[in-house]
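Student: I keep meeting words like "buried", "pocket" and "cis", and I'd like to know what earns each label. Can we go through a structure together?

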Amino acid sequence: MQPTHSFLRAALRLQTESTPIWIMRQAGRYLPEYRKVRARAGDFLSLCKNPDLATEVTLQPLRRFDLDAAILFSDILVIPEAMGMNLRFLEGEGPLLEPALRSTLDLDLLHPIDPESHLDYVMKAVTSIRRELDGRVPLIGFSGSPWTLATYMVEGGSSKNFTFIKRMMYSDPKSMHRLLNLLSDCVADYLNAQIQNGVQAVQIFDTWGGVLSPRDFLEFSLRPMQNILERLKTIGPDGQQIPVILFAKGCAAHLETMAATACQVLGLDWMTDLGQARDRVGSRVALQGNMDPAILHAPPERIQQEVRDLLASFGPAPGHIFNLGHGITPDVSPEKVAILVESVHNESQRLRQERS
């Protein structure tokens, strides 16, 4: 049974009346209504762990903009916390995970997860969001990739040089693979639980795959993601296919290899030419992206021109999901987002009419 929603149809490379659009971090600090709910919650992690509030902020951008998908409001680092690490978010400094994993003995502190119990607040949010959406648009679930999660766990938080995880990777690859295998199991179980509870597509964020050499990317980032893809449910409880999006930032050199995995969609950062990426992967996968988020600071006519250029670059074939090349930033005006969403729908419809 083929899906009717344009986002799901595009993910499966089926024809759509217009190009669908959603935005990474579309529920976030650029929205004043989000900031109010976050203040009510007290802090970011408390917001993530409150299913009612997570539902509210997931739905907020859909009330403002004609978006074609919702994405679950949560954070990738709920997995390390569920595995036994202490997680805090420091205002202005980012996440802090303790104790940082620096040796094979540290890995003994971790444990497998049961998503339905350890991450029950996420599953409750998924169920609540699906109920509130009432079929209006599909719901996307997500997780960080094993490599990206491991970087935070070994570094103890954000990093510029990735010193500790690369030290483990090169000097103790056995422990590195042990950690990645454990994370692969946890991510697969977590995403399958999200699917069972109602998400209709999933995205794996490989934020830090681009810091690896080509050979190390294949071994330490792509291989664990492929292990996850092989374990994911392909059909949801409603009988529909579950598209999987791989978003690997800074990894354009590996497009062909990633397209040969079991994913249905490749997400592109803005440093990748959309038309060239389309030529390289052909019709093997759909593509998602890839406008530079900074263009949302430009005048309306510049945003509209960028939309036209990207749509023309992709060409007439089905299988394009419009998105930014990374998450929207807090300093963007909601009015510019409205211009973006409207432009994508209007310009893509116009291009289809011209080609018909």
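Tutor: Sure. Let's start with touching: contact means heavy atoms within 4.5 Å. Keep in mind that this is a predicted model.

Student: Which residues does H118 touch, not counting residues up to four places away in sequence?

Tutor: With those sequence neighbours left out, H118 touches A82, H111, P112 and I113. H118 itself sits in helix 7, which covers residues 115-118.

Student: What makes H118 partly exposed?

Tutor: Its relative accessible area is 37%. Buried needs under 20% and exposed needs over 50%, so with 37% H118 falls in between and gets called partly exposed.

Student: How far apart are H118 and I79, in sequence and in space?

Tutor: They are 39 residues apart in sequence, and 9.0 Å apart in space, going C-alpha to C-alpha.

Student: Let's try another residue. Why is E347 called buried?

Tutor: E347 has a relative accessible area of 14%. The cut-off for buried is under 20%, so E347 counts as buried. You'll find E347 in helix 16, residues 334-355.

Student: What makes the pair E347 and R308 a polar contact?

Tutor: Their side chains come to 3.5 Å. A polar contact is a pair of N or O atoms within 3.5 Å, where one must be able to donate a hydrogen and the other to accept it, so this pair makes the list. R308 also turns up among the residues that E347 touches, along with V307 and L311, again not counting residues up to four places away in sequence.

Student: Now cysteines. How many disulfides does a search of the whole structure find?

Tutor: Zero. A disulfide is a covalent bond between the sulfur atoms of two cysteines.

Student: How do you know that C186 isn't in one?

Tutor: The closest cysteine sulfur to that of C186 is in C48, 18 Å away. The cut-off is 2.5 Å, so this is too far for a bond. C186 is also buried, at a relative accessible area of 2%.

Student: And why does C251 have no bond to C263?

Tutor: Same kind of check. The sulfur in C263 is the closest cysteine sulfur to that of C251, yet the gap is 13 Å, so it is too far for a bond. C251 is buried too, with a relative accessible area of 2%.

Student: Which residues line the largest cavity?

Tutor: C251 is one of them, and the lining also includes L246, M258, D269 and T272. The volume of the largest cavity is about 50 Å³.

Student: What makes that a cavity and not a pocket?

Tutor: In a cavity, a 1.4 Å probe fits but cannot get out, while a pocket is an open set of points.

Student: What is the volume of the largest pocket?

Tutor: About 1300 Å³. It has 36 lining residues, and those closest to its centre are R25, R29, F44, D75 and F89. By class, the lining has 19 nonpolar, 10 polar and seven charged residues.

Student: R25 is in that list. What is unusual about its phi, or its backbone?

Tutor: Most residues other than glycine have a negative phi, and most peptide bonds are trans. R25 is not a glycine, yet it has a positive phi of about 65°. R25 lies in the loop between helix 1 (6-11) and helix 2.

Student: Where is F162, and what is its phi?

Tutor: F162 has a phi near 55°, again a positive value in a residue other than glycine. The place of F162 is in the loop between helix 9 (146-155) and helix 10 (163-171).

Student: Is R25 buried or partly exposed, and what about F162?

Tutor: R25 has a relative accessible area of 48%, so it is partly exposed. F162 has 6%, so it is buried.

Student: Last one: which peptide bonds are cis?

Tutor: Among them is the bond that joins E98 and P99, where omega is about -10°. P99 lies in the loop between strand 3 and helix 6 (104-107). Another cis bond runs from G289 to N290, with omega near -5°. N290 is found in the loop between strand 8 (286-288) and helix 15.

Note on methods: Residues numbered from 1 in each chain as written. Predicted model: local features only at pLDDT ≥ 70, side-chain atom pairs only at ≥ 80, totals over all residues. Heavy atoms only, no water. Buried < 20%, exposed > 50% of the residue type's maximum accessible area, 1.4 Å probe, protein only. Helix = DSSP H or I, 4+ residues; strand = E, 2+ residues; numbered from the N terminus. 1 Å grid on protein atoms, 1.4 Å probe; cavity = no way out; pocket = protein on both sides within 12 Å on 5 of 7 lines; lining within 4 Å. Points joined across faces, edges and corners; volume = space filled by probe spheres on them. Nonpolar A, V, L, I, M, F, W, Y, C, P; charged D, E, K, R; others polar.
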